[in-house]
Amino acid sequence: MTRFMDVHHGMHGITAEQLQQAHDATAVVEQEEGVHFEHAWADPESGTVYCLSEGPSPEAVERAHERGGGQAPDEIHAVPLAV
């Protein structure tokens, strides 16, 4: 499995509750897509949201977001190295 960082733009004013709701909604379809969303961060002022996940492919990450009712990511980056 590969780790991915996906980025969503245009989410100005997102609240902690909305971020949690979006994170919870993707959890419903995680197993079906083989994706696990580990953590999410948001900057309400810039409207940027970052999601760290592990999964088989960028396409699976995108499908999990869409099927969970969330906004599709604008960017998905593999992050195979960490320290």
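This passage describes the overall fold of the protein chain and then turns to one residue, Thr2. The structure is a predicted model, and the values given below were computed from it.

The secondary structure of the protein chain consists of three helices and four strands, which are arranged along the sequence in the pattern β-α-α-β-β-α-β. The radius of gyration of the chain is 12 Å, close to the 12 Å that the globule rule gives for 83 residues, and the chain is therefore as compact as a globular protein of that length. Along its principal axes, the C-alpha trace extends over about 35 × 30 × 20 Å. Of the 83 residues, 33% count as buried, while the accessible surface of the chain amounts to about 5000 Å², with 53% of this area belonging to carbon and sulfur atoms. When contacts between residues at least 6 apart in sequence are considered, 67% of them join residues at least 24 apart.

Thr2 offers an example of a residue with contacts to distant parts of the sequence. This residue lies in strand β1, which covers residues 2–8. Thr2 has a relative accessibility of 28% and therefore counts as partly exposed, since that class lies between the limits of 20% for buried and 50% for exposed residues. If residues up to four places away in sequence are left out, Thr2 touches Ser53, Glu54, Gly55 and Ala78. For one of these partners, Glu54, the separation from Thr2 is 52 residues in sequence, whereas the distance in space, taken from C-alpha to C-alpha, is 5.5 Å.

Methods:
Residues numbered from 1 in each chain as written. Predicted model: local features only at pLDDT ≥ 70, side-chain atom pairs only at ≥ 80, totals over all residues. Heavy atoms only, no water. Helix = DSSP H or I, 4+ residues; strand = E, 2+ residues; numbered from the N terminus. Rg over C-alpha atoms; globule rule 2.2 N^0.38 Å. Buried < 20%, exposed > 50% of the residue type's maximum accessible area, 1.4 Å probe, protein only. Contact = heavy atoms within 4.5 Å. Areas by Shrake-Rupley, 256 points an atom, 1.4 Å probe, with all protein chains shown as cover.
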